[in-house]
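Q: Here is a complex to go through. Let us take its labels one by one and test each against its cut-off.

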2 protein chains.
Amino acid sequence: MEKETKTESWQWDQGPIGRLVKTGYITLRREVEDMLRPTGLTHTQWSALGVIRHYPGITSSQLEHILMIERPSVTSLMNGLANRGLIIRKDHPQDGRFKQIYLTEAGMEQAHATEHFAAEVEGRVREGMTAAEFETLRQLLVKMVSVFDKT
Amino acid sequence: MEKETKTESWQWDQGPIGRLVKTGYITLRREVEDMLRPTGLTHTQWSALGVIRHYPGITSSQLEHILMIERPSVTSLMNGLANRGLIIRKDHPQDGRFKQIYLTEAGMEQAHATEHFAAEVEGRVREGMTAAEFETLRQLLVKMVSVFDKT
DNA sequence: ATTATATAGTTAGAATTCTAACTATAGAGG
DNA sequence: CCTCTATAGTTAGAATTCTAACTATATAAT
């Protein structure tokens, strides 16, 4: 089956930059999801817990930009976390439009218990390249994104 | 609102590598989606058309690895494209398990008409950095992914 | 030959995220 | 004070992708 030979050795590393970046994203995501399985948390829930841990009192519209999902997705994401008792939302004392998000005790435990997954994945990436290469990768990703920055 | 000051200048470029890569992926995806809007094609449909164009006779399980989606997602993706008359599936003459995928005339037109979107996005990325940096970015993404390669 | 195992593909149903439209609050301008 | 506009958040419903389970074909082993 000659067509097989052609695509078995699929040169995915020759594809367009978008496909390369997607492959990177999905690869890292699946790694984290494997570690997350026992906890029942999804990748995005886990990511959100980590952000809220670093920014207690953060709002939905801020989370929207950090997590790179749309606003209504933040709402349903937060509903899920609130139903599991991991976060609470409080009205902002000065500006009635905002609802500030905080981790509950249970939320802090979950965030703390799963926090190291990010470092674990990053550690394996670091093992595959030099420290300078890793830093370069970070910087070039930032540079790539800033090209499209709308502000 | 002092918390705002903190997150308005959200240092997303300091986050974990996984978040950085996701930001890159979503950013590029949204750019393509903006261009695709008039065609009614989704990002993944468009990507699939491009792959099938380069690999006529490709199978679902091969597409699965290239597009980085699960097998049943390929099936529903191909159902959608087949319903729109953009692809056809033919039984493999030698191995009855395979179904080979081809673009129809309409599919080729769509693929041809939208093919340049990838180059357009890539062009803007290239404008933001040197040629050497772009090549480095590609190589480091490949290097990152190969760390997790399961084969 | 027959059974066991691996691979390709589909179906069914759930979960996540999206778009469009709506409510509510704040701030600016007349 | 009232209206207009901008921003925050939610709701409703559709679309995409996922997991689990199933069918079908091919390959290997006894």
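Q: Which exposed residues does the face of α8(B) turned away from its buried side carry?
A: Ala131(B), Ala132(B), Glu135(B) and Ser146(B) sit on that face. Exposed means that 12 or fewer other C-beta atoms lie within 10 Å of the residue's own; buried means 20 or more, partly exposed is in between, and the C-beta atoms are placed from the backbone. This is a predicted model, in which local features need pLDDT of at least 70, side-chain atom pairs count only at pLDDT 80 or more, and totals for chains, interfaces and linings use all residues. Residues are numbered from 1 along each chain as its sequence is written, while chains are lettered from A and ligands numbered from 1 in the order in which they are written.

Q: Which residues of α8(B) are buried, and what puts them on the same side?
A: Leu137(B), Leu140(B), Leu141(B), Met144(B) and Val145(B) are buried. They cover an arc of only 135 degrees around the axis, so they share one side of α8(B). The arc is taken over the directions from the helix axis to the C-beta atoms.

Q: What covers the buried residues of α8(B)?
A: The cover includes three elements of chain A: α2 (17-36), α7 (116-127) and α8 (131-147). The names follow DSSP runs, numbered from the N terminus: helices are H or I with at least four residues, strands are E with at least two.

Q: How do you know that the length of α8(B) agrees with its residue count?
A: α8(B), residues 131-147, has 17 residues. The expected span is 1.5 Å times one less than that number. This gives 24 Å, and the end C-alpha atoms are 25 Å apart, which agrees.

Q: Which residues of α4(B) are buried, and how do you know that they line one face?
A: The buried ones are Gln62(B), Leu63(B) and Ile66(B). Down the axis of α4(B) they fall within an arc of 100 degrees, so they line one face of the helix.

Q: What is unusual for a non-glycine about the phi of Met68(B), and is the residue buried or exposed?
A: Met68(B) has a positive phi of about 60 degrees, although it is not a glycine. Its place is the loop between α4 (60-67) and α5 of chain B. With 20 other C-beta atoms within 10 Å, Met68(B) counts as buried. In chain A, Met68(A) also takes a positive phi of about 60 degrees, lies in the loop between α4 and α5, and is buried with 20 other C-beta atoms within 10 Å.

Q: Why is Glu105(B) called exposed or buried?
A: Glu105(B) counts as exposed, because it has 9 C-beta neighbours inside 10 Å. The residue lies in helix α6 (residues 105-114) of chain B.

Q: What makes the relation of chain A to chain B a two-fold axis?
A: A rotation of 180 degrees with 0.0 Å of shift along its axis superposes chain A on chain B, with RMSD 0.0 Å. That is the relation of a two-fold axis. The fit is by least squares on the C-alpha atoms of residues with pLDDT of at least 70 in both copies.

Q: How many residues of chain A are in contact with chain B, and how do you know that the copies meet through the same surface?
A: 50 residues of chain A are in contact with 50 of chain B; contact means C-beta atoms, placed from the backbone, within 7 Å. The largest share of the chain A side, 14 residues, comes from α2(A). That side divides into 27 nonpolar, 12 polar and 11 charged residues. Asp, Glu, Lys and Arg count as charged; Ala, Val, Leu, Ile, Met, Phe, Trp, Tyr, Cys and Pro as nonpolar; the others, Gly among them, as polar. 100% of the interface residues of chain A are also interface residues in chain B, so the surface is the same.

Q: Which residues are closest to DNA strand D, and which element gives the most?
A: 22 residues surround DNA strand D, and the closest are Ser60(A), Pro72(A), Pro72(B), Ser73(B) and Gly96(B). Near means a C-beta atom, placed from the backbone, within 6 Å. α5(B) gives the most, 5 residues. By type, the surface near DNA strand D has 6 nonpolar, 10 polar and 6 charged residues.

Q: Which residues come nearest to DNA strand C?
A: Of 23 residues around DNA strand C, the nearest are Pro72(A), Ser73(A), Gly96(A), Ser60(B) and Pro72(B). Here α5(A) gives the most, with 5 residues. The surface near DNA strand C divides into 6 nonpolar, 10 polar and 7 charged.

Conventions: Contact = placed C-beta atoms within 7 Å.
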